[in-house]
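This briefing gathers selected features of one protein model under a few topic headings. Please keep the sequence and the structure in view while reading.

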Amino acid sequence: MALRSRLEFIGKEDYTRIHEASLKILAETGVAFHDDEAVELFKKHGARVNGKVVYISRELVEKALAATPSKFKWSARNDQQSVIVGDGFIQQPNVGPVYIQDMDKGRRLATLQDYTNIQKLCQASDVINLVGSIPVDPSDVANENKHLSMMYEIIKNTDKPIIGMCTEGLQAKHQLDMVAMAVGGQQFLADNPCVGVLVNPLSPLAYAPETIQTMREYAKLRQPLLLAPCIMAGVTAPISLLGTSVLQNTEFLAGLVFSQLVGPGTPVVYGNASTRSYFKRASFCAGTPEAMMINTSNIQMGLEFYNLPTRTMCGITESKILDAQAGYESMMSLMMGMMSGAHIAVQCLGVLDAIMATSYEKFILDEEMVRRALHIYKGIDTSDEALSVDIIQEMGQNGSYLMHTNTFEHFRESWTPTVSEWGSYDEWVTQGSEDVVVRANRKYKEILNNAPESLIDKDLDNDLQRYIEKASI
């Protein structure tokens with residue numbers, strides 16, 4: 001019982017066309033790696049180099065693809081929370097919002113407390129599988145030490161698989177060290193994927209120094225890389241949707257090769273986060289249907305042509321408030337992302353204003369949206385028993401199925417909402433005529449009030465605090 005067919009925008013004949021186009025660009029145009037050590041590594045493995053530009057051969061791409069696992073276990077401190085990436089649908093926190101907002105205080109710069117709150121909400125959720133990342137960017141912590149404070153709050157308040165932050169090399173090492181302390185040591189970390197990181201190329205056809213340094217530190221320990229080009233068609237890529245998919249595929253392959261040169265066997269997730277620009281202001285656009293038309297093409301490439309785990313940006317909106325636009329844009333791209341067959345989804349948990357803000361209330365509403373989408377994704381039971389011929393014949397032309405034993409046995413399998421109102425109008429009025437946003441506001445506060453103060457013991461807490469003190473600038 002599962003979704004029988006995936007959403008597709010390109011045909012199987014297009015896979016080879018996109019792959020060959022990418023190989024042509026890699027070999028003839030090349031990709032700039034703004035890091036001397038990275039350039040030397042490519043040169044050592046036979047790549048042609050001109051300054052910072054590396055020309056990547058078909059052979060290097062094929063070798064890297066052969067070394068990359070098609071699925072992997074992402075281990076959590078609590079092994080019951082571990083997940084298999086490459087099977088099913090996994091939900092991760094947002095990446096990038098600067099602002100936090102709710103109906104009580106409106107929109108404001110996020111703080112470390114907001115960051116902690118989001119981690120607690122993720123930990124309590126039954127549909128969120130990964131924690132960490134940057135669901136909001138704390139404004140009240142110095143940039144040079146922010147990664148330490150954020151990783152501490154992740155470890156203290158969650159026991160699910162962790163996503164770190166893309167930083168520079170030493171800061172990436174700090175994060176890896178802290179996770180190693182939490183999971184039982186460097187050797188366990190080296191033997192098990194425990195902390196992944198999102199990295200974005202510098203489109204078009206380049207990788208920035210900080211991104212390369214982060215990738216290097218993670219790949220040395222074979223920790224997962226979520227490699228996701230974030231391209232704007234018509235601004236940092238051709239206006240053609242297919243052309244943007246080609247560029248996205250090319251940048252991904254370049255990063256994949258680098259990761260496997262550093263650490264053969266490093267898990268790499270074929271990610272995408274591209275969209276068409278809003279040409280009235282030549283800017284990123286979160287609400288366009290074309291974003292998922294681009295990204296679905298690349299999900300098809302990752303799933304079917306390269307046999308890799310895939311991740312997509314979906315569930316996003318341009319809306320600045322919790323209105324109908326926020327609902328239909330978010331559900332549109334969430335469903336497209338899920339029906340495309342992607343294994344990991346991002347930007348589905350409270351995002352507003354083109355990933356500039358995270359809303360506490362929308363976080364709760366989006367959780368329900370994810371639950372709805374997951375239920376649809378499961379499909380319907382098509383077994384002989386599910387045909388129900390014997391029950392239909394038994395009931396004939398009379399009676400109600402409501403009291404039938406088969407209904408009693410299965411009614412709890414029916415999907416029901418967590419915050420949406422499904423009662424009668426009179427019941428709704430009697431209960432105060434509440435808007436769903438009011439219920440979501442109350443719900444997130446209840447979750448935070450009931451969240452544990454800490455999920456780590458005093459010894460680990462003290463060790464982490466000492467490490468942070470030593471590593472702080």
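Two strands are said to pair if DSSP finds at least two bridges between them, and strands themselves are DSSP runs of E, at least two residues long, numbered from the N terminus. In this sense, strand 7 and strand 8 are joined by a hairpin through three residues. The model is a predicted one, and the points below cover a sheet, aromatic and charged contacts, a pocket, two cavities and one long-range contact.

**The four-stranded sheet**

- Four strands form an open sheet in the order 8-7-20-19, and their pairing is mixed.
- Strand 8 (106–109) and strand 19 (351–352) each have a single partner strand and stand at the edges, so one side of each is left without a neighbour in the sheet.
- Strand 7 (residues 99–102) runs antiparallel to strand 8, and four bridges join the two.
- Within this antiparallel pair, Leu109 of strand 8 stands opposite Tyr99, while Gly106 of strand 8 stands opposite Asp102.
- Strand 7 also pairs with strand 20 (residues 357–359), here in the parallel sense and over three bridges.
- Tyr99 has a bridge partner in strand 20 as well, namely Ala357.
- In a regular strand, side chains alternate between the two faces of the sheet.

**Charged groups over rings**

- The ring of Tyr99 has the charged end of Arg107 over it, 4.0 Å from the ring centre.
- Tyr99 belongs to strand 7 (residues 99–102), and Arg107 falls within strand 8 (106–109).
- A second contact of this kind involves Arg48, whose charged end sits over the ring of Tyr55 at 3.9 Å from its centre.

**Aromatic pairs**

- Across the whole structure, a search finds 14 aromatic pairs.
- One of them is formed by Tyr360 and Tyr444, whose ring centres are 4.4 Å apart and whose planes stand at 5 degrees, so the pair is stacked; planes under 30 degrees apart count as such.
- This pair links distant parts of the chain, with Tyr360 in helix 12 (residues 360–378) and Tyr444 in helix 17 (residues 436–450), 84 residues apart.
- Both Tyr360 and Tyr444 are buried.
- Elsewhere, ring pairs link a cluster made up of Tyr15, Phe252, Tyr270, Phe305 and Tyr306.

**The second largest pocket**

- The volume of the second largest pocket is about 460 Å³.
- Its lining comprises 26 residues, and those nearest the pocket centre are Val95, Gly96, Leu198, Asn200 and Cys230.
- Two elements, strand 11 (195–199) and strand 17 (310–313), give two or more residues to this lining.
- Strand 11 gives the most, with three residues.
- The lining of the second largest pocket divides by class into 18 nonpolar, six polar and two charged residues.

**Cavities**

- Rolling a probe the size of a water molecule over the atoms shows where empty space is left.
- Two cavities of 30 Å³ or more are found in a search of the whole structure.
- The largest cavity has a volume of about 70 Å³, and the residues around it include Ser75, Arg77, Asp159, Lys160, Val179 and Cys194.
- Helix 6 (residues 169–183) gives the most to the lining of the largest cavity, with three residues.
- By class, seven nonpolar, two polar and three charged residues line the largest cavity.
- The second largest cavity has a volume of about 40 Å³, and its lining is formed by Ala286, Thr288, Pro289, Ala291, Met292, Met313, Ile316, Met332 and Ser333.
- Helix 10 (290–305) and helix 11 (324–339) are the elements that give two or more residues to the lining of the second largest cavity.
- The lining of the second largest cavity has seven nonpolar and two polar residues, and no charged ones.

**Leu65 and a long-range contact**

- Leu65 is found in helix 3, which covers residues 58–67.
- With a relative accessible area of 18%, Leu65 is buried, because that term applies under 20%.
- Leu65 and Gln260 are 195 residues apart in sequence, yet their C-alpha atoms are 8.5 Å apart in space.

How values were computed
Residues are numbered from 1 along each chain as its sequence is written. This is a predicted model: local features need pLDDT of at least 70, side-chain atom pairs count only at pLDDT 80 or more; totals for chains, interfaces and linings use all residues. Side-chain values use heavy atoms; hydrogens and water are left out. On a 1 Å grid over the protein atoms alone, a cavity is a set of points where a 1.4 Å probe fits but cannot get out, and a pocket is an open set with protein on both sides within 12 Å along at least five of seven lines; lining residues have an atom within 4 Å of a point. Grid points are joined across faces, edges and corners, and a volume is the space filled by probe spheres set on the points. Ala, Val, Leu, Ile, Met, Phe, Trp, Tyr, Cys and Pro count as nonpolar, Asp, Glu, Lys and Arg as charged, and the others, Gly among them, as polar. Rings of Phe, Tyr and Trp (its six-membered ring) pair if their centres lie within 6.5 Å; planes under 30 degrees apart count as stacked, over 60 as edge-to-face and the rest as tilted. Buried means under 20% relative accessible area, exposed over 50%, partly exposed in between (1.4 Å probe, protein chains only). A charge sits over a ring if NZ of Lys or CZ of Arg is within 6 Å of the ring centre and within 35 degrees of the ring normal.
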